[in-house]
Every structure is written in structure tokens, then in C-alpha cells.
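Here is a brief report on one chain and its ligand. Look at the binding site before the overall fold.

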Amino acid sequence: MPHVTTGTRGEQPPPHDGRRRGAGAALGLLVVGAALGFGELAAGLLRVTSPVVTVGDALVDNSPPFLMSWAIALFGTADKAVLVTGVLLVLVLSGTALGVVASRRPVAGYVGLGLFTAAGLTAVALRRADDLGAAAAVVVGGVAGAVALALLLRRLDPAPSRAQGPAAEPEHGTDAERAPGEGAEVDDQDREPHARDDAPGVPQAGPDRGPGRRGFVLTAAGVLAASGTAGALGRALPTLLGGSGSGPQLSLPAPAAPLPALPSGADLGVPGLAPFTTPNTDFYRIDTALTVPRPDPAQWTLRVHGRVDRPFEITMDELLSRDLVEADITLACVSNQVGGDLVGNARWLGFPLADLLREAGVHSGADQILSTSSDGWTCGTPTEVVMDGRDALLAVGMNGEPLPHEHGHPARLVVPGLYGFVSATKWVTDIRLTRFADDEAYWARRGWGVRAPIKTMSRIDVPAPLGRVGSGEVVLAGVAWAQHTGIAGVEVRVDDGDWWEAELAAVPGIDTWVQWVTETTVDPGTHSVEVRATDATGFTQPSERVDPIPDGATGWHRIRFTAT
Ligand SMILES: Nc1nc2c(c(=O)[nH]1)N[C@H]1C(S)=C(S)[C@@H](COP(=O)(O)O)O[C@H]1N2
Ligand SMILES: [Mo]
């Protein structure tokens, strides 16, 4: 138990600003921790979105497009981690400030907490206006913060009466009303030995109050433990309560007409080359959700409505009892840079989206399928594309398993040939037929394309960029894609020499990527490789480098490697 012995016996203690600030900062952090922990617990109990996530979501949704593009460009798929870190940093900084101020002016602490709570409620209103539970979780967090603040302030500032003797010992509650000028007395806690010496034999505190500093530390430890437990419990509750926490539990029916196995030779098995089928656990993940939504399959419904003759709603049981089909489809993200890995291939199981829409009877003129996820993300897909006979799916399975939570469990859309942001709604719960003239989806509103077919693209996987290989015979390999068009050829050149045709692996159809491979001989030294694909329409990838925004990157992928 450290004792601070500055100041001499009998002197008025000088105000120890640094120490007071330190205690205040700790207090502020504990208060923020209590608010977060109990907010998390309330969210877990009420089965609603955690306040932190709601705030993060609201930030994502309401940040200006240039900021989002910048964040995606700069941080890629780490953008979420960066955002969460940023939110936590802001909380730590403002919590510290709140504590320092509150240690002098308790009222300001409560006002600050009120502002936090108001910010949380604003986020709820912006993001899930109809969600009273989410609002309640925010309020619970705010109240917990206030309770922690009251408890800690009491301990932080136990001694205004000491100099005056026990008769003047105030009720703890009045601490909060002390005038700011009296803040210097905070330091009395540090001077416990002196205070004690100054009034020997005088009972220092009520039975509930330890010596000041010790009392503060004990209370702080108590608040920390309670908040930590509450937070951990809140986080664990969804898993403990709902069966869906531990992993998708759906049992999928077999497809009514199973696809044949992949053609032999679809996967060349070249070390370092992306496998033809991307394992679910390696599949790229892109979405705006800070925490993975986990709609309960038992409660899940998909509503199909809008400009249709027969709006309806379908449950998961009804969906699974239908004749499901399989399709091999390569998904690609519009944000993928030339050479990037925001692309993956899977065998999807689902119900044909066109059939579903036909049941509803789509009005002519309803040129946009506006789909919405359980967390409110929206996506606009051209109706004519989905209805043109391609394997657009309302998918429930991915590579023989229920959709992983990260990839849209229990149901998502997959449309071959369109970038994910205009076609691949995960956690889909609502499909409304509308017109592009009437409604703008999430990314369209932020300046991205409206109709965004995937651009013909190719990538070099082997050698790895800046990789080292032995000189002599060198294997070059990669993938190329032009979904729903098909790849006709892939050309490669080394050190800006002549182009030559690479060998293409087998494919199950025109909706997947294709592996390519070729060989060359190189001298020791550094070399470049470049690749370009030509699709089945005869169109060859242009060399011109174009940024992903608004509707996909172009350019030839070029890497350097060293032969030794
Ligand atoms: N609900 C929801 N679905 C979404 C998105 C999203 O932000 N929210 N992002 C889309 C984008 S931009 C892409 S590229 C694909 C990625 O799907 P994946 O994460 O399964 O690879 O999901 C699409 N579906
Ligand atoms: Mo995307």
C-alpha cells in the first residue's frame, strides 16, 4: 500500500495536481468500462446489438463516402479492426477527460455520461430506430456508468470533513455537490498518514469506508471486476442462450439435382496457386457489419414484396423443403485491386432466385431487386440479370456446409457475373421489387456503381510477388475470371517480351474462375511477369489501370520475382 508523504505534518497539503489527475483518469476509465460492461450485459440479456457495435455501425453508415473509400483503400479488410480500435481510443480518451473533470466537478461527470448516453441513443435512432431493446442497453450502460461514478467519487474524495473532525463528516452523497474550488482536498486521500496523525484517536471513517486511498483502490477493483464480469457475460450470452452461437446448426437437404463432381483437372494443384474451390474458412469476407449478424434460422423469414402481384413471406423450413440446386460460382468484390485476393470460388446450394420472383409475379418496370440484410444493409440488383436464366441463387449452403455466419447464414444471394455489392446480400431477409429511379442501395448512395458486372480479370499467384525461385525452368500460374462470360485465353509475358498463351485448366462452366499455368526459362536475376485474359466475347483486358471505384479495377497484373 503506497503512501505518499509529500508535505509536512501540520502544513496545508499542496494540491497534487498530477496525482489527482491520475486518480481522475483512472476513475473515468472505470466509469466508461462500467458503462460498456453493463451495456454489453444488457444487450446480451435482451438479445440486442451491443451499444458499442451500434455506435460503430452508425459511424460506418454515416461517414462520408470519401472517408470510407479511403479507409477501405488504406486498411482493406482490416478496416473494421481499425474502426473498432478508433472507437475504443475515443472512449479511452474521452473517459480519461471525463474522469479528470469529474474529480473536480462531479456534476460535469454526470453531464458527460449523459452526453455519452445521448450519443448512444442517437446511434440507435439512426441505425435501428425500432429497436427499443438496443436503446435500453444503452440506457443501462449509462446508468451503470453513473453508479460507478458515484461510488468512485465517494472514495476518491472521502476527506473533506477530516480536518473538521467526525462531527462534520458529510454524508457521502454530498461529495458530488462540492464546489470546484474544493477540489484540492482530493489529495487528502494521499495524505492519509498525515490526516491520521493530525487527528489521533479520531475515527477516520464509517465502517464502510476504508482509509481513503485504500478505499478508492478497493472500490475501483470492485467496479472493474463487476464491469469485466458483466461484459464477458454479455458477450458470452448469445452463445450460451442461442443455439446459433456455436456455428451453423442447419441441416441442409441434399440438392434435388446434384451437380456432377468438378471436372478432373479443374485444380492443377500447383503449390502457391489459389485452389479451384476456396475453402469456407479461407473465403474472403467483405461487409459493413462490425459484428457478424446471427439471425436465428428458426425465426428467419424472407419477405418478397414491392412491385409484385403476390407478395409473400417464406420461412427457412419452407425454403429447405423445396427442390434446391447447386451451382459453382466465383464471387468477386468490386474493391479488389488488380492482383488482389477479394475473390473466391465455391459450390453454392440454394433455390433459384428467378423462380422465387416468378412466384411473386414481378411487375414490368420493376428494374431493381432491392435486397436487405438483417442488419439493414441494402443491395440493388438489376432484375433483368437475375431473370435471364443464369444461376442466381437464394443460397443456404456453401461447399457442402450451411453458410458460415461470416458468409450470410442462414441465407444469402449469389448472382454469377455481378460484383458482390450489387448482388450478394448476406443475412438476407427482405427482397423488394422497385425501380432504380425510386430507390438507391447502400453503396450506390455512396457513389459506387449501380449496375456492376464483373470485369474480366487475371492474377498471377506463382511465383509469389517478390518471391525467389531457382533459375532455369520456372512455373508461372494464376487464376482468371469473367463470370457468366467465360475465359477464352490467358496470355503471359516475361520482362516485357512477347506474349504467349498459358494453358487453361478445366472448368465446370462459365461462372467460375479458371486456373492457368505455363513455364518459362529465366537467368538468375530479377524478372517481371505480366498477365492478361481474353474472355469468351473476344474482349481482352485493357492495360489501363483504373481504380476500383466506382465499378471495378482494370489493368494487367504484373509481379516481380528473383531467380537465384
Ligand atoms: N449484408 C451484407 N451483405 C453483403 C455485404 C454487406 O456489407 N452486408 N457486402 C457485399 C460485398 S461488397 C461483397 S464483395 C460480398 C462478399 O461476400 P463474402 O463476404 O461472403 O465473400 O458480400 C456482399 N454482401
Ligand atoms: Mo464487395
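Which of the 19 residues around ligand 1 come nearest? They are Tyr 284, Thr 288, His 407, Arg 412 and Lys 426. Keep in mind that this is a predicted model.

**Ligand site**

Two of these residues, Arg 412 and Lys 426, return in the table of polar contacts. Ser 373 joins them there. Each row pairs an atom of ligand 1 with an N or O atom in a side chain.

| Side chain | Ligand 1 atom | Distance |
|---|---|---|
| Lys 426 | oxygen | 2.5 Å |
| Arg 412 | oxygen | 2.7 Å |
| Ser 373 | nitrogen | 3.3 Å |

On its own, ligand 1 has 530 Å² of accessible area, and the protein covers 98% of that. What classes of residue make up the shell around ligand 1? There are 9 nonpolar, 5 polar and 5 charged residues.

**The chain as a whole**

The chain holds 564 residues, and 52% of them count as buried. Its secondary structure comprises 11 helices and 19 strands. Take the contacts with a separation of 6 or more: 75% of them join residues 24 or more positions apart. The accessible surface of the chain is about 24500 Å². Carbon and sulfur atoms contribute 59% of that surface.

**Cysteines**

How many disulfides does a search of the whole structure find? The count is 0. A disulfide is a covalent bond between the sulfur atoms of two cysteines. Two cysteines can still be placed by their exposure. Cys 379 has a relative accessible area of 0%, so it counts as buried. Cys 333 is at 10%; this value is under the 20% cut-off, so Cys 333 is buried too.

**A residue in strand S17**

Strand S17 spans residues 514-522 and includes Thr 520. Is Thr 520 buried or exposed? Thr 520 is buried, because its relative accessible area is 13% and the cut-off for burial is under 20%. Which residues does Thr 520 touch, leaving aside its neighbours within four places in sequence? The contacts are Gly 472, Glu 473, Val 474, Leu 476, Val 494 and Trp 500.

**In brief**

Ligand 1 has 98% of its own accessible area covered by the protein. Its oxygen atoms have polar contacts with the side chains of Arg 412 and Lys 426, and a nitrogen atom has one with Ser 373. Away from the ligand listing, Thr 520 in strand S17 is buried, as are Cys 333 and Cys 379.

Notes: Residues numbered from 1 in each chain as written. Chains lettered and ligands numbered in written order. Predicted model: local features only at pLDDT ≥ 70, side-chain atom pairs only at ≥ 80, totals over all residues. Heavy atoms only, no water. Helix = DSSP H or I, 4+ residues; strand = E, 2+ residues; numbered from the N terminus. Buried < 20%, exposed > 50% of the residue type's maximum accessible area, 1.4 Å probe, protein only. Contact = heavy atoms within 4.5 Å. Areas by Shrake-Rupley, 256 points an atom, 1.4 Å probe, with all protein chains shown as cover. Disulfide = S-S within 2.5 Å. Near = heavy atom within 4 Å. Polar contact = N/O pair within 3.5 Å; in protein donor to acceptor, adjacent residues only side chain to side chain. Nonpolar A, V, L, I, M, F, W, Y, C, P; charged D, E, K, R; others polar.
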